[in-house]
Amino acid sequence: MDHFHYVGGELYCQQVRLSEVAAEFGTPLYVYSRTTLEEHYDRFAQAFAPLDPLICFAAKACSNIEVLRVLVQRGAGIDVVSGGELHRARLAGCPGERIVFAGVGKSDHEVREALTTGTPPSTGGPPGEPIRTFNVESEQEYESIAMAARSLGVRAHAALRVNPSIDLKTHEYLHTAARDAKFGVDMHHARTLLRKFHAEKHLRLTGLHVHLGSLIHDTRPYVQAINECLTLIDELASDGIRIESLDIGGGFGADYVTGEAMPAAEYARAIVPLLEQRVRNGLKIILEPGRSIAANAGVLLTRVMFVKRGPQKKFVIVDAGMNTLVRPALYDAFHFIWPASVSPQHEPVRRQSSPDMPGLETADVVGPICESGDFLAKDRLLPAVGRGELLSVFTSGAYGMAMASRYNSHPLPAEVLIEGSRARLVRRREDYRDLVAHELPETTQIFDGRAAARRSET
Ligand code: LLP
């Protein structure tokens, strides 16, 4: 249940009518359902309960602090991939023990923040705690984190991201475990690195991490990857090296057509039996779901600006574009779109990619950005809509706002969290001041190249 439903032709999120939320907060507007976020997290936690895992929500999917806070309060940890996401995780109150830090290019600065209590007070961060583990992607990266830990005199943990080269049936850009992927190291190299660094005092390398890609609607790649990891764990055990944690990443699917929650139980049915005994023997399991929790917990509300008929096509021009939701333009992704207020005959009982109803018209739903690639839907069957009407772009809670940009100088949209019958603004809409805040005269700084050259000569 995603808690976005029609009653009498009006779209509601939980007990709130979304046309009223749009009237209050403006469009384009991201709207999240607190109950859906909680239910999706709980479903995960229940399905994998026999493994007692740490479930780290992938902040990259939806990084709003209040969304993170909802999940942290429910028991989730957070998977971060930058100092900025770490900052958000700490602001959301996530204990350091529940934060894992991945990514192929962590800067020295970010590493130091993760190893210590965090950002300097000048950046507005609360004092945090050192994180649980780094997911390390290369030998050089391992060495630079180890050096930072040594110089700070702290002891930290790392897991090595391995790349089992698995073929996935997903969009090319969403596949991260291919042979030529920039992520992780191959299994052979992994064994060498784990042997070399497992007992290093300041950065013990005692975990494995694997993340295959995203939108994986199949349990087989997980089974294959986990089995490969278990083989490596056994090989290392015969070398006298004990692997303490296995992070199986994210990538679990979400249904972009029906909006149904992903069947966490189905993944668990395939994965739990492989790992149960290992967990009893002390292996800690970590998961990093992003999309499966957030995608169907959010919609994007956008208003129709104009309707335009070309010689062949009808265009519905809306106020959200590739700057607001880039997924259709970037991955050719499908998002179900429907008016927020419809006549009874057009109330969608269930969502379909090609709805079977009388009186629909085919249209492209496009944004205001000056690019032909700026569209939210192509050749889509929709009820006739007119200027000022509100459309809902479903399954937008993951990689929606998180990937939004200010392209064409559009200020970023607002975000609202629905809690029961209340709609709470959790990110205010940007205005033109925000848009130019870093370009105003008081931010000007000058580097004089000639003066610098003179200095270096003397
Ligand atoms: N862990 C790691 C190391 C990841 O790189 C990712 C996603 C996740 C977890 C979470 O994956 P999820 O459960 O959300 O599939 N922008 C794309 C998705 C990119 C995913 C990147 N990594 C999209 O809009 O479809």
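Which residue does the side chain of Asp434 meet in a salt bridge? Select Asp434 and Arg428: their side chains meet in a salt bridge (2.8 Å, N to O). A salt bridge is a side-chain nitrogen of Lys or Arg within 4 Å of a carboxyl oxygen of Asp or Glu. Asp434 is partly exposed, at a relative accessible area of 22%. Here buried means under 20% relative accessible area, exposed over 50%, and partly exposed in between (1.4 Å probe, protein chains only).

The structure is a predicted model, in which local features need pLDDT of at least 70 and side-chain atom pairs count only at pLDDT 80 or more, while totals for chains, interfaces and linings use all residues. Residues are numbered from 1 along each chain as its sequence is written, and side-chain values use heavy atoms, with hydrogens and water left out.

**Stop 1: further salt bridges**

Next, select Arg34, Glu38, Asp42, Glu66, Arg69, Arg74, Glu419, Arg422 and Arg424; salt bridges that share partners join these residues into one network. The structure holds 31 salt bridges.

Another of them is formed by the side chains of Asp239 and Arg191 (3.2 Å, N to O). Asp239 lies in the loop between helix H8 (220-238) and strand S11 (245-247), and Arg191 in helix H7 (residues 187-197), so the pair ties together parts that are 48 residues apart in sequence. Helices (H or I, at least four residues) and strands (E, at least two) are DSSP runs, numbered from the N terminus. Asp239 is partly exposed at 30% relative accessibility, and Arg191 is partly exposed at 22%.

Move then to Arg220 and Asp218, whose side chains also meet in a salt bridge (3.0 Å, N to O). Arg220 counts as exposed, with 59% relative accessibility, whereas Asp218 is partly exposed, with 25%.

**Stop 2: Glu415**

Select Glu415, which is found in strand S19 (residues 414-419). Is this residue buried or exposed? Glu415 is buried yet has no salt bridge, and the nearest side chain of opposite charge, that of Arg427, is 4.6 Å away. For charge, Lys and Arg count as positive and Asp and Glu as negative, while His and the chain ends are not counted.

Now add Tyr32 to the selection: its side chain makes a polar contact with the side chain of Glu415 (2.5 Å). A polar contact is a pair of N or O atoms within 3.5 Å; within protein, one must be able to donate a hydrogen and the other to accept it, and residues adjacent in sequence count only if both atoms are side-chain atoms. Leaving aside neighbours within four places in sequence, the residues in contact with Glu415 include Leu29, Asn64, Met401 and Val426. Contact means heavy atoms within 4.5 Å.

**Stop 3: Gln14**

Select Gln14, in the loop between strand S2 (10-13) and strand S3 (16-17). Gln14 is buried, with a relative accessible area of 9%. The side chain of Gln14 makes a polar contact with the side chain of Ser33 (2.7 Å), and a polar atom of the Gln14 side chain lies 3.4 Å from the backbone nitrogen of Arg34. Not counting residues up to four places away in sequence, Gln14 also touches several others, among them His3, His5, Ile418 and Gly420.

**Stop 4: Lys313**

Lys313 is placed in the loop between strand S13 (298-309) and strand S14 (314-318). Lys313 is partly exposed, with a relative accessible area of 28%. Show Asp364 as well, since the side chains of Lys313 and Asp364 make a polar contact (2.9 Å). Then select Asp167: Lys313 and Asp167 are 146 residues apart in sequence and 38 Å apart in space, C-alpha to C-alpha.

**Stop 5: the ligand**

Which residues come nearest to the ligand? Of the 18 residues around the ligand, they are Ser214, Glu288, Arg327, Tyr331 and Tyr399. A residue is near a molecule if one of its heavy atoms lies within 4 Å of it. Select Glu288 and find the polar side-chain atom that lies 2.6 Å from a nitrogen atom of the ligand. A polar side-chain atom of His211 lies 3.5 Å from a ligand nitrogen, and for the side chain of Asp79 an N or O atom is 3.3 Å from a nitrogen atom of the ligand.

**Stop 6: the cysteines**

How many disulfides does a search of the whole structure find? The search finds zero disulfides, a disulfide being a pair of cysteine sulfur atoms within 2.5 Å. Select Cys62 and Cys13: the sulfur of Cys62 is 13 Å from that of Cys13, its closest cysteine sulfur, which is too far for a bond. Cys62 is buried, at 2% relative accessible area, whereas Cys370 is exposed, at 67%.
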